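Me: I would like a close look at a single part of this model, with its surroundings worked through in one go. Please keep it brisk.

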Amino acid sequence: MKENRTKTKRTRQTHKKKPVPAKGKGVAYQSKDIISKELAESFKGKAFRVYGLDLPEIRTVLPTNIPTIRANELWLDNLFELADSTVAIVDYESKYRKKDMIKYLNYLTGIANRYLKEKKDCPALRMIVIYTGDIERKNVSAEYNIGAVKVTLEPAFLSELDSGRIYQHLKCKVEKKEPLDEEELMEFIILPLSYRKRAEKEQKIRETVKLAARLQDRRQQIFVLSGILAFTDKVIDTETANHIRRMIKMTKVGRIIEEEKRQAIAEAEEKSRQALAQAMAEKKRALAKAKAEARQALAKADAENKQALAKAKAENKQVLAKAEAEKKNEKKRADMLQQAARESVLKMIRKNYPTEEIASIVSVFSQDDIESMRKEVTYS
């Protein structure tokens, strides 16, 4: 009977409900819902460089609950798959306690067990601990070695951030209505945790939320608000958390209104584009008609020019032909005269006229020419 009661008691224990945080003491589980819905897509491509961690970019956000064989589930702060296919467990701590190493070990084995249950190979795991402004590097040991098991942390220390400078820089960009880059967005959501005292953190949460409300880009606004809600879940009070949720919902409504406005503008622009296209088409047709008429006029003028040019060429050809004929006739007469003079010279040579006398009678030949002809006569 005692054994049966024990079994019944154990069975009841294994059906305990997930713990709900007390009023004003944190909003961890609600924040997990927010991060899964709002941050999953927005976190893609972002990195932890601004926190002093040299890690690959985030590929996707993974579920943060780890089912265990004990009564309660383990809940992580954040779980990310990185660009190098490693998985990073990210936890935020405002105190350094050696016993937390056991918690991290449970996280790691829990994640490994989840992959086992899903029949998948467990990727290389990273244990990232981001210490708030309360903790300094010199007070933290990054290793937990118990022989068979060794846990190595990759810690980041927000106490090393220049919180005042970061806040003023973000405030300046928001006031100028400038969009934030990826690193500035990551600074924005973690900024409240970089302060030392809890009261300072709570005050900065309220200030950064007010500042985030002034962001012009609604997607960036939702990312920052959701990030603040998720990352500060251990220090944020319920009132502020609920206020952030309401702001996120209002921003979503604003996004819907903006989308409808963009659609209306797009429709108006499309109608304007169509009217412009029609006007352009008519203008093109008129221009094409004018060009066709101009081409016809040019073709007619070109034909007339060609006819005139052909006539001029024909007339010029006739003139050239006549001149050529006259030139040939002139040459023929010159050749005949030359031949007659030559025959006269040859006759005088045969009659033994002196060269000087022949040259004086027939001036078209030089004395050398006459001597050459004399030789011809002598040798012939």
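Which residue in β8 is the bridge partner of E143? Please start there and work outward through the sheet and the helices.

Reply: The model is a predicted one. In β8, E143 has T152 as its bridge partner. That pair belongs to the contact between β7, residues 143–145, and β8, where 3 bridges join antiparallel strands. A second pair in this ladder sets N145 opposite K150 of β8.

The connection comes next. β7 and β8 make a hairpin, with 4 residues between the two strands. G147 sits in the turn and has a positive phi of about 90°.

Now take the other neighbour of β8. Strand β6 covers residues 125–131, and β8 covers residues 150–157. These two strands pair in the parallel sense, over 5 bridges. Within that pairing, I130 faces A156 of β8. So β8 has an antiparallel partner in β7 and a parallel partner in β6. As background, strands of a sheet pair through backbone hydrogen bonds, in either a parallel or an antiparallel sense.

Step back to the whole sheet. It is open and has 6 strands, in the order β1-β4-β5-β6-β8-β7. Its pairing is mixed. The edges are β1, residues 58–61, and β7, each of which pairs on one side only. From one strand to the next, the twist averages 30°.

A helix covers part of this sheet. Helix α3, residues 100–117, packs on the sheet and touches β4, β5, β6, β7 and β8. Both strands of the hairpin, β7 and β8, are thus on its contact list. The direction of α3 makes about 150° with that of β5, residues 87–93.

Other helices pack on one another. Two packed helices are described by the angle between their axes and the distance between the axes. Start with α6, residues 198–212, and α7, residues 218–231. Their axes lie 9 Å apart, at an angle of about 165°. Angles over 145 degrees count as roughly antiparallel, so α6 and α7 are roughly antiparallel to each other. The crossing of α6 with α7 is left-handed. On the α6 side, the contact uses I205, T208, V209 and A212. On the α7 side, it uses Q221, V224, L225 and I228. By class, this contact holds 6 nonpolar residues, 2 polar ones and no charged ones.

Helix α7 also meets α5, residues 182–190. The axes of α5 and α7 come within 8 Å and cross at roughly 40°. These two helices are therefore oblique to each other. Their crossing is right-handed. From α5, the contact takes L185, M186, F188, I189 and I190. From α7, it takes Q220, F223, V224, G227, I228 and F231. The residues divide into 9 nonpolar, 2 polar and no charged. V224 and I228 of α7 appear in both contacts, with α6 and with α5.

Charge enters α5 elsewhere. The side chains of E183 and R49 meet in a salt bridge, at 3.3 Å from N to O. E183 lies in helix α5, while R49 lies in the loop between α2 and β1. The two residues are 134 residues apart, and the pair links distant parts of the chain. The structure holds 22 salt bridges.

Key. Residues are numbered from 1 along each chain as its sequence is written. This is a predicted model: local features need pLDDT of at least 70, side-chain atom pairs count only at pLDDT 80 or more; totals for chains, interfaces and linings use all residues. Side-chain values use heavy atoms; hydrogens and water are left out. Two strands pair if DSSP finds at least two bridges between them. Axes are lines fitted to C-alpha atoms, for helices over the stretch in contact, and angles run from 0 to 180 degrees between N-to-C directions. Angles under 35 degrees count as roughly parallel, over 145 as roughly antiparallel, 65 to 115 as roughly perpendicular and the rest as oblique. A crossing is left-handed if the near helix is turned anticlockwise from the far one by less than a right angle, and right-handed if clockwise. Contact means heavy atoms within 4.5 Å. Ala, Val, Leu, Ile, Met, Phe, Trp, Tyr, Cys and Pro count as nonpolar, Asp, Glu, Lys and Arg as charged, and the others, Gly among them, as polar. A salt bridge is a side-chain nitrogen of Lys or Arg within 4 Å of a carboxyl oxygen of Asp or Glu.
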